[in-house]
Amino acid sequence: MACSPETPEVRLRPRRLTIDAPLAHPLDAPPAVALSLAASTLVTLSLVAAGLPAQAQETMPPVARMAAYAEHCAKVERSPFRSVRWQFLGPTNVSGRVTDVAPVAPRGRSYTTYVATASGGVWKTDDDGHTFRPVFEHAASTSIGDVTVAPSDPNTVWVGTGESNVFRSSMAGAGVYRSSDAGRTWQHMGLEATHTIARIVIHPTDPNTVWVAASGHEWTDNPERGVFKTADGGKTWQRVLFVDERTGAIDLVIDPAHPDTLYAATWQRIRRRWNDPRNEPGYDKSGVHKSTDGGKTWQPVNAGLPEARWRGRIGIDVCRGKPQVVYAFIDNYQPADAAGGRDSYGRTRSVGIRGADLYRSDDGARTWKSTGAPDSYMRRLSATYGWVFGQVRVDPTDPDTVYLMGVGLHVSRDGGRTFEQLRGMHADHHALWIDPDNPRYLVNGNDGGLNVSYDGGRNWRQFTDKLPVAQFFNVAFDMAKPFRVYGSIQDHGSRRGVVDLTTGRRRIPAQQFEWAPGGEGSHHAIDPTNPKIVYSAGFYGAVTRTELTAAGGRRRGAALLPQTRRQEKAPRGQWLAPFFLSPHDPGVLYHGMNFVYRTRRDGGGLERISPDLSFDDAATMGDIPFHTITALAESHQTAGHVYAGTDDGRAWRTTDAGKSWQEITAGLHPARWVSRIETSHHTDRTVYLTQNGKRHDDFNPYVFVSSDRGSTWRSIAAGIPSGPINVVREDPKDPKMLYVGTDLGVYLSIDAGATWHPLPNRLPTTFVSDLIVHPRDDVIVISTHGRGMYAMDGEALRRAVARTRSGDGK
């Protein structure tokens with residue numbers, strides 16, 4: 001089923017999965033289970049489509065999620081607004097995270113490379129990078145963990161959805177896909193319950209024999225973790241390595257000369273809403289396993305590695321030319337120093353750990369020894385977030401040349417005793433391919449995109465302008481002429497770009513984006529009376545006022561820090577702590593931490609105007625700020641009527657500028673993250689609210705409206721096949737037009753939420769993080785977390801809406 005006639009075809013078919021794995025841990029004794037992925041799909045879909053009360057739906061099962069995507073595709077085909085197109089706005093000078101690369105060998109006879117991105121699908125070049133095109137951009141998930149080409153058939157390509165790096169903004173995958181025609185069409189091959197795919201290994205001579213390393217759900221435990229195998233091209237699967245419901249397979253390598261020999265790395269992890277996916281008390285399941293019979297049986301091979309309780313994420317690789325040499329790159333949680341200091345995001349560290357550790361085996365993993373790299377060097381290699389990395393590659397011809405991927409890309413030419421960092425690339429590395437016929441040819445993927453070296457890493461060719469896969473968190477606008485849009489981008493800070501209408505509203509050009517105030521986790525508020533005044537933030541809610549100069553410079557004012565009362569705990573701010581300028585007075589700024597703050601009338605910073613609006617539960621607090629405000633809005637009609645929502649599922653209002661607050665949570669889904677609150681532009685009592693279930697691995701859509709300032713809520717999600725829901729906006733000109741941004745695209749209602757239609761034209765299936773409607777120029781702009789920004793002509797959309805309402809348009 002295709003979601004767009006202009007894009008590769010994706011077929012959905014049920015697969016049979018047999019869970020009957022040899023036990024990898026003596027305490028685990030699950031019975032064999034057979035799951036049919038075709039069961040109850042239509043029943044579950046009907047429940048979702050019916051828009052049942054939120055409390056009636058806890059999570060969306062995998063079969064229902066795939067059925068919801070099929071319904072989304074059907075709605076795309078039926079949408080009466082297919083003629084109104086999105087236009088790519090940019091940036092043309094910023095790329096995004098590449099999670100894997102798969103060049104087709106041998107180079108020289110082939111110039112094809114497939115590039116997997118964190119949330120922008122799969123791209124392909126057939127001319128060694130001069131041009132790229134997306135070949136996998138419409139599926140139930142376009143977050144990619146791995147892409148692999150069959151060694152014996154370059155037309156057979158496998159894609160595993162769901163990146164295994166599990167960032168806070170990662171999208172869940174929906175299984176594995178296969179192409180038999182070099183990426184022109186794709187067929188869904190099952191494993192949709194895995195959510196993250198770390199590695200796909202294809203037999204060197206039999207393209208129908210495939211092993212998949214699944215690391216499992218990001219936020220919840222699940223049994224679909226471990227190593228899966230198919231011997232019939234994906235028609236059926238067997239789970240051949242299983243540890244437990246919190247331990248998945250994070251890496252998998254094969255001895256190409258002896259393909260019955262495989263090594264798998266398991267990682268015990270879950271991401272908490274209040275903690276990164278790090279080792280917890282009692283963890284002892286991360287390790288290395290070996291099979292010598294094609295995956296039928298596995299043995300743990302950890303002799304010489306750090307104790308099980310200290311082992312975190314592990315990356316492994318085999319030297320192709322000397323397969324007895326195996327390397328293991330371990331995130332080592334052994335305590336190394338006392339608590340204190342700051343992590344990479346400015347947070348106080350609870351304890352220091354050894355971090356990056358490299359081990360080598362010369363006897364096929366029977367025994368391991370530390371390579372002896374200096375602690376001072378290795379401690380810096382992965383900074384304070386080693387759970388993101390864990391990738392190691394060995395030169396296929398030289399067992400002593402080994403590459404480690406961390407914040408930088410590092411190489412050792414003496415078996416891991418010493419390292420040097422390779423320069424000339426963006427930071428945070430996740431992918432590396434070494435040409436087996438010419439090891440000086442390297443293809444690298446990192447948070448800045450794709451790089452190629454022809455000289456062993458001394459010089460690099462970059463493709464920033466060829467892979468437009470920027471991961472925006474949000475979008476804001478100013479009132480300059482022409483107006484600009486602002487947004488913060490994963491690992492690229494904040495940028496802004498011009499929306500240029502001089503060549504016509506149907507020909508808005510893509511732009512390079514320039515620097516803007518703010519970090520990579522920042523909202524923006526621009527003074528509507530003076531577009532040179534920009535409010536932005538660093539990590540976790542530190543707001544600053546900046547005055548831009550005509551010459552392109554800036555005058556940064558003092559940070560607007562919340563005033564802390566005596567003996568009061570420091571406020572907690574979310575990664576994207578919300579703030580805005582009052583629509584009634586641009587001199588008034590509201591800011592949400594766990595308290596609501598407002599600028600002081602005397603101009604002396606921020607004053608607190610609310611109690612702690614979260615549950616403030618000490619048992620669920622950790623390294624990441626939690627129990628914080630995530631949505632904040634003020635009435636467009638009445639100053640001082642303010643609404644707030646939290647990451648732990650609470651909602652509040654004040655009608656007296658913060659003197660008193662009333663909780664308005666009743667009727668919402670318990671514990672779900674409040675992703676947006678939107679007050680009506682047209683009536684004072686109407687307010688919209690969305691909740692996002694991603695952090696519970698819940699894909700139900702949660703969209704609510706209240707006509708009594710939040711005293712009661714009514715779901716208007718019926719007709720939106722699936723969530724998560726990231727944003728809702730009411731049109732500033734038409735009160736019956738509502739926009740919703742989901743992980744699949746944009747939905748429009750023209751009857752105040754009674755029915756919904758996708759806006760699909762020229763928009764990839766992508767995570768829409770935010771949406772604005774420019775009130776003067778009538779241009780709709782969306783930010784996507786994986787494909788940059790897009791603009792739509794609001795006037796053209798209104799004409800299509802008028803035709804549809806009159807019955808003249810389809």
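Colleague: Which residues of helix H2 are buried?
Modeller: This is a predicted model, and a residue counts as buried when its relative accessible area is under 20%. In H2, that applies to Val63, Ala64, Arg65, Met66, Ala67, Ala68, Tyr69, His72, Cys73, Lys75 and Val76.

Colleague: How far apart are the end C-alpha atoms of helix H2?
Modeller: Helix H2 covers residues 62-78, which makes 17 residues. At 1.5 Å a residue the expected span is 24 Å, and the model agrees with this: the end C-alpha atoms are 24 Å apart.

Colleague: How many aromatic pairs does a search of the whole structure find?
Modeller: Rings of Phe, Tyr and Trp pair if their centres lie within 6.5 Å. Searching the whole structure on that basis gives 17.

Colleague: What kind of aromatic pair do Phe136 and Trp186 form?
Modeller: Their ring centres are 5.3 Å apart and their planes meet at 85°. Planes over 60 degrees apart count as edge-to-face, so the pair is edge-to-face.

Colleague: How many residues apart in sequence are the parts that this pair ties together?
Modeller: Phe136 is in strand E8 (residues 133-136), while Trp186 is in strand E12 (residues 185-188). The pair therefore ties together parts whose separation in sequence is 50 residues.

Colleague: Is Trp186 buried or exposed?
Modeller: The relative accessible area of Trp186 is 1%. The limit for a buried residue is under 20%, so Trp186 is buried.

Colleague: What kind of aromatic pair do Tyr441 and Tyr454 form?
Modeller: The two rings are 5.5 Å apart centre to centre, with 45° between the planes. Under 30 degrees would count as stacked and over 60 as edge-to-face. The angle fits neither limit, so the pair is tilted.

Colleague: Which residue of that pair is partly exposed?
Modeller: Tyr441 has a relative accessible area of 6%, so Tyr441 is buried. A value of 41% makes the other residue partly exposed, and that residue is Tyr454.

Colleague: Over which ring does the charged end of Arg608 sit?
Modeller: A charge sits over a ring only if it is within 6 Å of the ring centre and within 35 degrees of the ring normal. The charged end of Arg608 is 4.4 Å from the centre of the ring it sits over, which belongs to Phe595.

Colleague: Which residues have the most contacts inside the largest nonpolar core?
Modeller: This core has 38 residues. Strands E13, E14, E16, E17, E18, E21 and E22 each supply at least two of its residues. Those with the most contacts inside the core are Val227, Leu252, Trp298, Ile316 and Trp368.

Notes:
Residues are numbered from 1 along each chain as its sequence is written. This is a predicted model: local features need pLDDT of at least 70, side-chain atom pairs count only at pLDDT 80 or more; totals for chains, interfaces and linings use all residues. Side-chain values use heavy atoms; hydrogens and water are left out. Rings of Phe, Tyr and Trp (its six-membered ring) pair if their centres lie within 6.5 Å; planes under 30 degrees apart count as stacked, over 60 as edge-to-face and the rest as tilted. Helices (H or I, at least four residues) and strands (E, at least two) are DSSP runs, numbered from the N terminus. Buried means under 20% relative accessible area, exposed over 50%, partly exposed in between (1.4 Å probe, protein chains only). The expected span of a helix is 1.5 Å times one less than its number of residues. A nonpolar core is a set of buried Ala, Val, Leu, Ile, Met, Phe, Trp, Tyr and Cys residues joined through side-chain atoms within 4.5 Å.
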